[in-house]
Amino acid sequence: MGFINSYNPFGLMFTLFPIMFIIVFGVIIFSIVKNISVNMHNNKQPVIPVEAKVVTKRYNVSTHHHNSADNNMHHSSSTYYYVTFELNNGERLEFPVPSYEFGMLVEGDSGTLSFQGTRFVSFIRM
(Lines give C-alpha, C1' and ligand atoms only; values in the text may rest on other atoms or scores of the structure.)
Protein backbone atom coordinates (compact mmCIF):
# COMPACT_ATOMS: atom_id res chain seq x y z
CA MET A 1 0.00 0.00 0.00
CA GLY A 2 1.07 3.59 -0.57
CA PHE A 3 1.85 6.23 1.97
CA ILE A 4 -1.69 7.69 1.82
CA ASN A 5 -4.76 5.53 2.36
CA SER A 6 -6.81 5.86 -0.84
CA TYR A 7 -10.02 5.02 1.08
CA ASN A 8 -9.64 8.06 3.34
CA PRO A 9 -10.19 11.30 1.37
CA PHE A 10 -8.95 13.31 4.37
CA GLY A 11 -5.62 11.48 4.52
CA LEU A 12 -4.05 13.66 1.84
CA MET A 13 -5.34 16.83 3.49
CA PHE A 14 -3.93 15.86 6.90
CA THR A 15 -0.61 14.94 5.29
CA LEU A 16 -0.26 18.13 3.23
CA PHE A 17 -1.47 20.62 5.86
CA PRO A 18 1.57 20.32 8.19
CA ILE A 19 3.95 20.46 5.22
CA MET A 20 2.31 23.61 3.82
CA PHE A 21 2.23 25.19 7.30
CA ILE A 22 5.96 24.56 7.73
CA ILE A 23 6.76 25.98 4.28
CA VAL A 24 4.69 29.16 4.81
CA PHE A 25 6.07 29.65 8.33
CA GLY A 26 9.62 29.10 7.00
CA VAL A 27 9.19 31.71 4.25
CA ILE A 28 7.87 34.25 6.78
CA ILE A 29 10.78 33.62 9.18
CA PHE A 30 13.30 33.80 6.30
CA SER A 31 11.86 37.17 5.16
CA ILE A 32 12.02 38.61 8.67
CA VAL A 33 15.61 37.45 9.21
CA LYS A 34 16.71 38.77 5.81
CA ASN A 35 15.13 42.21 6.44
CA ILE A 36 16.79 42.44 9.85
CA SER A 37 20.19 41.49 8.43
CA VAL A 38 19.93 44.06 5.59
CA ASN A 39 18.89 46.72 8.10
CA MET A 40 21.81 45.86 10.41
CA HIS A 41 24.23 45.94 7.45
CA ASN A 42 22.95 49.37 6.36
CA ASN A 43 23.23 50.72 9.91
CA LYS A 44 26.95 49.80 9.99
CA GLN A 45 27.67 51.64 6.73
CA PRO A 46 28.72 55.31 6.65
CA VAL A 47 26.38 57.91 5.18
CA ILE A 48 27.96 58.79 1.84
CA PRO A 49 27.22 62.17 0.18
CA VAL A 50 27.93 62.24 -3.58
CA GLU A 51 27.08 64.55 -6.47
CA ALA A 52 24.37 62.90 -8.54
CA LYS A 53 21.65 63.50 -11.08
CA VAL A 54 18.10 62.10 -11.06
CA VAL A 55 17.93 59.89 -14.15
CA THR A 56 14.56 58.19 -13.86
CA LYS A 57 11.65 57.56 -11.52
CA ARG A 58 9.28 54.62 -11.35
CA TYR A 59 6.66 53.17 -9.08
CA ASN A 60 5.15 49.75 -8.49
CA VAL A 61 1.53 49.31 -7.40
CA SER A 62 0.52 46.04 -5.72
CA THR A 63 -3.20 45.32 -5.49
CA HIS A 64 -4.55 42.94 -2.88
CA HIS A 65 -7.99 41.29 -2.84
CA HIS A 66 -9.51 40.18 0.45
CA ASN A 67 -12.68 38.21 1.08
CA SER A 68 -14.50 39.16 4.26
CA ALA A 69 -16.71 36.98 6.42
CA ASP A 70 -19.82 38.44 4.73
CA ASN A 71 -18.50 37.39 1.27
CA ASN A 72 -17.74 40.95 0.21
CA MET A 73 -14.58 41.54 -1.80
CA HIS A 74 -12.30 44.20 -0.38
CA HIS A 75 -9.43 45.73 -2.33
CA SER A 76 -6.33 47.43 -1.05
CA SER A 77 -3.17 48.56 -2.74
CA SER A 78 0.40 49.48 -1.86
CA THR A 79 2.60 51.77 -3.93
CA TYR A 80 6.40 51.58 -3.80
CA TYR A 81 8.50 54.41 -5.26
CA TYR A 82 11.99 54.12 -6.78
CA VAL A 83 14.45 56.70 -8.11
CA THR A 84 17.58 56.03 -10.18
CA PHE A 85 20.51 58.40 -9.66
CA GLU A 86 23.58 58.72 -11.87
CA LEU A 87 26.85 59.60 -10.15
CA ASN A 88 29.56 61.77 -11.76
CA ASN A 89 31.55 58.62 -12.64
CA GLY A 90 28.61 57.23 -14.66
CA GLU A 91 27.54 54.65 -12.05
CA ARG A 92 23.79 54.37 -11.54
CA LEU A 93 22.12 53.57 -8.22
CA GLU A 94 18.42 52.89 -7.66
CA PHE A 95 16.84 53.39 -4.24
CA PRO A 96 13.37 52.96 -2.85
CA VAL A 97 12.27 56.40 -1.65
CA PRO A 98 9.37 57.71 0.44
CA SER A 99 6.39 59.09 -1.47
CA TYR A 100 7.03 62.69 -0.35
CA GLU A 101 10.61 62.53 -1.72
CA PHE A 102 9.41 60.91 -4.95
CA GLY A 103 7.00 63.79 -5.57
CA MET A 104 9.70 66.41 -5.00
CA LEU A 105 12.29 64.88 -7.35
CA VAL A 106 12.28 65.68 -11.06
CA GLU A 107 14.21 63.83 -13.75
CA GLY A 108 17.27 65.89 -14.59
CA ASP A 109 17.65 67.37 -11.08
CA SER A 110 21.28 67.62 -9.93
CA GLY A 111 22.42 67.78 -6.35
CA THR A 112 23.89 65.86 -3.44
CA LEU A 113 22.64 62.33 -2.89
CA SER A 114 23.23 60.85 0.56
CA PHE A 115 22.86 57.11 1.05
CA GLN A 116 23.79 54.53 3.67
CA GLY A 117 24.46 51.08 2.25
CA THR A 118 21.36 50.32 0.19
CA ARG A 119 19.23 52.92 2.02
CA PHE A 120 18.31 56.32 0.55
CA VAL A 121 18.95 59.10 3.10
CA SER A 122 18.34 62.38 1.24
CA PHE A 123 18.76 64.36 -1.96
CA ILE A 124 19.53 68.09 -1.80
CA ARG A 125 19.14 70.00 -5.08
CA MET A 126 21.84 72.42 -6.20
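Which residue in β4 stands opposite Val47? In this predicted model, the residue facing Val47 across the strand pairing is Gln116. The two belong to a pairing between strand β1, which covers residues 47–67, and strand β4, which covers residues 110–116; these strands run antiparallel and are joined by seven bridges. From this pair the rest of the fold can be followed outwards.

The chain comprises two helices and five strands. Read from the N terminus, its elements follow the order α-β-β-β-α-β-β. The five strands form an open sheet whose order is β3-β2-β1-β4-β5, with antiparallel pairing. Its edge strands are β3 (92–97) and β5 (119–125), each of which pairs on one side only. On average, neighbouring strands of this sheet are turned by 35° against each other, direction ignored.

Within the sheet, strand β1 also pairs with strand β2 (residues 73–87); these two run antiparallel and are joined by 15 bridges. One position in this pairing is Lys57, whose bridge partner in β2 is Val83. Beyond β4, the sheet continues with an antiparallel pairing of β4 and β5 over six bridges. Here Gln116 appears again: its bridge partner in β5 is Arg119. Gln116 thereby has a partner in β5 as well as Val47 standing opposite.

Two residues of the sheet show how surroundings vary with position. Ser114 lies in strand β4. Is Ser114 buried or exposed? Its relative accessibility is 11%, and because the limit for a buried residue is under 20%, Ser114 counts as buried. Leaving aside neighbours within four places in sequence, Ser114 is in contact with Val47, Ile48, Pro49, Phe120, Val121 and Ser122. Among these contacts, Val47 falls within the range of β1, and Phe120 falls within the range of β5.

His66, in contrast, is found in strand β1 and is partly exposed, with a relative accessible area of 41%. Once neighbours within four places in sequence are set aside, its contacts are Asn72, Met73, His74 and Ser76. His66 and Ser76 are ten residues apart in sequence, and their C-alpha atoms are 8.1 Å apart in space.

The structure also holds three salt bridges. Side chains of opposite charge can pair when their charged atoms come close. One salt bridge joins the side chains of Glu94 and Arg58, at 2.8 Å from N to O. Glu94 lies in strand β3 and Arg58 in strand β1, so this pair ties together parts that are 36 residues apart in sequence. Glu94 is partly exposed at 38% relative accessible area, and Arg58 likewise counts as partly exposed at 39%.

A further salt bridge is formed by Arg92 and Glu86, with their closest N and O atoms 3.1 Å apart. Arg92 counts as exposed, at 52% relative accessibility, whereas Glu86 is partly exposed, with a relative accessible area of 27%.

Arg125 forms a salt bridge with Asp109, and the closest N and O atoms are 2.8 Å apart. Because Arg125 lies in strand β5 and Asp109 in the loop between α2 (99–104) and β4, the pair ties together parts that are 16 residues apart in sequence. Arg125 counts as partly exposed at 39% relative accessibility, while Asp109 is buried, with a relative accessible area of 14%.

Attention now turns to the helix that precedes the strands. Met40 lies in helix α1, which spans residues 9–44. With a relative accessibility of 45%, Met40 counts as partly exposed. Which nonpolar residues form a patch on the surface together with Met40? They are Phe17, Phe21, Ile22, Val24, Phe25, Ile28, Ile29, Ile32, Val33 and Ile36, and with Met40 they have about 1100 Å² of accessible area together.

Values for the whole chain complete the description. The accessible surface of the chain comes to about 9500 Å², and 62% of it belongs to carbon and sulfur atoms. Of the 126 residues of the chain, 17% count as buried; Ser114 and Asp109 are examples of buried residues. Among contacts in the chain with a separation of 6 or more, 47% are accounted for by residues 24 or more positions apart.

Technical notes:
Residues are numbered from 1 along each chain as its sequence is written. This is a predicted model: local features need pLDDT of at least 70, side-chain atom pairs count only at pLDDT 80 or more; totals for chains, interfaces and linings use all residues. Side-chain values use heavy atoms; hydrogens and water are left out. Two strands pair if DSSP finds at least two bridges between them. Helices (H or I, at least four residues) and strands (E, at least two) are DSSP runs, numbered from the N terminus. Patches are made of residues with over 30% relative accessible area and no salt bridge: like charges are joined within 9 Å, nonpolar side chains (Val, Leu, Ile, Met, Phe, Trp, Tyr) within 5 Å. Accessible areas come from the Shrake-Rupley method with a 1.4 Å probe; for residues, only the protein chains shown count as cover. A salt bridge is a side-chain nitrogen of Lys or Arg within 4 Å of a carboxyl oxygen of Asp or Glu. Buried means under 20% relative accessible area, exposed over 50%, partly exposed in between (1.4 Å probe, protein chains only). Axes are lines fitted to C-alpha atoms, for helices over the stretch in contact, and angles run from 0 to 180 degrees between N-to-C directions. Contact means heavy atoms within 4.5 Å.
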